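Me: I'd like to learn how to read a model like this one, feature by feature. Can you walk me through it?

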Amino acid sequence: MGVVLVGCAAAAILAAVVFTPWDAGGAAIIGPAALAVSIPILRRQARREGDPGLFWLLLAALILKFVGAVIRHFVAFQVYEGGSDAVGYHQAGIRWMEQIRAGELDSGAQPLTGTNFVELVTGVVYTVTGPTLLGGFLVFSWLGFWGLFLFYRAFTIAVPEGNRRTYARLLFFLPSLVFWPSSVGKEAWMMLTLGIASFGAATILEGRTLRGLLPFGGGLWLAAQVRPHIAGLLALSAAGALLIRRSRRSSHPFAPLAKLVSVTGVGLIALVVAIRAERYLVQSRVDTSSGVAGVLAEVNRRTAQGGSEFSPTVVESPPDIPLAVFTALFRPLAVEASSPQVAVSAAETSFLLAITLGRWRWILRAIQRSLRHPYLALAIAGVVLTSVAFSAIANFGILARERVQVLPFFLALLSLPPRSEGRRGDRQQPLR
């Protein structure tokens, strides 16, 4: 199986080298090198869980991510004939690479956030790999994979009753999570940083505050450099989950102090990220004076173009939230497909809707256990808050790309079996 998977990945990379007009020679080295670095970590996780089969599942997921990078590269430069943001990141990355190698770190790009920050990250990658575009796709796809891996680690740590194999299969093999965070751009970076922050949050929520604050704060800070509003929503979700977490019985004299440190640390991080998010909106020329409604209206205006636009349900009051969640997770519907690209997206959302309806008891169980396992409360809050933020997006293409940031949280709610189906999962011990 391993030989077949590696052979498929190698064939895909070589095909891209032959058929793309962009420099891709470095990809033949970068892919195997990334694979070699990853295998020991994947083996360690399989040993940690005592499940040899998990190694092959994770290896297949990693190779599939590399294949996803090649497909994303092909779509960007063959289907859309280079009409991709990756071209701009590539060209800016080359300039950054030349400056870094020359010891000149001031490019004059201000502020160094959003697109400018991703360009800097691309330059750092190219400083190591050289200016190979397909190689850059593979590196960013590899980073996106580790974000998914950290989401998986967070789930195994914080939801010991959950079905780990179910979550792994949904998380690593859902087409949009394979495809979108697999190119030079913001999606892969956000998947990595949100995964780091979620791993830290899961560690904090399980009572290991000092060990979790660094990845939680660091992941949010790195995410906030690109999309601070998304980082802010995750910070608020984590703070809420921590506040509702039931106090654990402990004879340790410093238990109250540890609780205070957790609440204070997460609260300060949430406050800093929220301030950063507001500054980002101001820098993006979004009027925040009229509150959330004004921000959503501006998002709607900016996204209602591009050929895949639709009429969204902008949240104006609490009764609008359920429809916003439905739109964020399950649209476009099959009947709304107006192009081959939208039809592909609709096929996935239809599958996700079907499995959600089939597992309504799993979702109910997750809601019921959210006090016992506050990471589930974080996931619920993350889904709801992000859906509200996405409710103003009026383009199916943008919605499909943005949705990947919330899917890991939603999939966690589909991976906690009801009591009658989860006896084996209930006996699983939390992984450290």
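Me: Let's start with the cavities. What volume does the second largest cavity have?

Reply: About 30 Å³. Keep in mind that this is a predicted model. The cavity count comes to two, taking those of 30 Å³ or more.

Me: Which residues line the second largest cavity?

Reply: A201, I204, L205, F216, A238, L242 and V266 make up its lining. Two elements, α9 (186-205) and α11, give two or more residues each to that lining. The biggest contribution is from α9, with three residues.

Me: How does the lining of the second largest cavity divide by class?

Reply: Seven of its residues are nonpolar, with no polar and no charged ones.

Me: And what about the largest cavity, which residues line that?

Reply: The largest cavity has a volume of about 80 Å³. Its lining is formed by L194, I230, L233, L234, S237, G382, T386, Q405, V406 and F409. By class, that gives six nonpolar, four polar and no charged residues.

Me: Which elements supply at least two residues each to the lining of the largest cavity?

Reply: Those are α11 (228-244) and α17 (374-390). The largest share, four residues, is from α11.

Me: Let's step back to the whole chain. How many helices and strands are there in the protein?

Reply: Expect 20 helices and zero strands. Of the 432 residues, 54% are buried. For the contacts, take those with a separation of 6 or more: 77% of them join residues 24 or more positions apart.

Me: Now a helix pair. At what angle do α14 and α15 pack?

Reply: Helix α14 (residues 321-330) packs on helix α15 (residues 340-358) at an angle of about 125°, and their axes are 9 Å apart. Because of that angle, α14 counts as oblique to α15. An angle over 145 degrees would be called roughly antiparallel.

Me: Which residues of α14 and α15 meet there?

Reply: From α14 you have F326, L329 and F330, and they meet T349, L352, L353 and T356 of α15. The residues of this contact divide into five nonpolar, two polar and no charged.

Me: What should I look for in the loop between α14 and α15?

Reply: Look for P332, which is found in that loop. As a general idea, most peptide bonds are trans. The bond from R331 to P332, however, is cis, with omega near 10°.

Me: On to single residues. Is R359 buried or exposed?

Reply: The cut-off to have in mind is that buried means under 20% relative accessible area. R359 has a relative accessible area of 19%, so it is buried. You'll find R359 in the loop between α15 and α16 (360-368). Setting aside its neighbours within four places in sequence, R359 is in contact with T166, L170 and L414.

Me: And K186, is that buried or exposed?

Reply: K186 counts as buried because its relative accessibility is 16%. K186 is found in helix α9. Not counting residues up to four places away in sequence, K186 touches Y89, G114, T115, V118, V226 and R227. There's also a pairing across the sequence to try: K186 and A86 are 100 residues apart in sequence, yet 9.5 Å apart in space, C-alpha to C-alpha.

Me: What relative accessible area does L220 have?

Reply: L220 comes out at 1%, so L220 is buried. The helix that holds L220 is α10 (residues 209-224).

Me: Which residues does L220 touch, not counting residues up to four places away in sequence?

Reply: L220 touches A197, A231, L234, A235, I269 and V273. Take I269 from that list: L220 and I269 are 49 residues apart in sequence and 8.3 Å apart in space, C-alpha to C-alpha. Another residue there, L234, also appears in the lining of the largest cavity.

Me: One last residue, A239. Where is its place?

Reply: A239 sits in helix α11. With 17% relative accessibility, A239 counts as buried. For a distance to try on screen, A239 and V263 are 7.3 Å apart in space, C-alpha to C-alpha, and 24 residues apart in sequence.

Definitions and conventions
Residues are numbered from 1 along each chain as its sequence is written. This is a predicted model: local features need pLDDT of at least 70, side-chain atom pairs count only at pLDDT 80 or more; totals for chains, interfaces and linings use all residues. Side-chain values use heavy atoms; hydrogens and water are left out. On a 1 Å grid over the protein atoms alone, a cavity is a set of points where a 1.4 Å probe fits but cannot get out, and a pocket is an open set with protein on both sides within 12 Å along at least five of seven lines; lining residues have an atom within 4 Å of a point. Grid points are joined across faces, edges and corners, and a volume is the space filled by probe spheres set on the points. Ala, Val, Leu, Ile, Met, Phe, Trp, Tyr, Cys and Pro count as nonpolar, Asp, Glu, Lys and Arg as charged, and the others, Gly among them, as polar. Axes are lines fitted to C-alpha atoms, for helices over the stretch in contact, and angles run from 0 to 180 degrees between N-to-C directions. Angles under 35 degrees count as roughly parallel, over 145 as roughly antiparallel, 65 to 115 as roughly perpendicular and the rest as oblique. Contact means heavy atoms within 4.5 Å. Buried means under 20% relative accessible area, exposed over 50%, partly exposed in between (1.4 Å probe, protein chains only).
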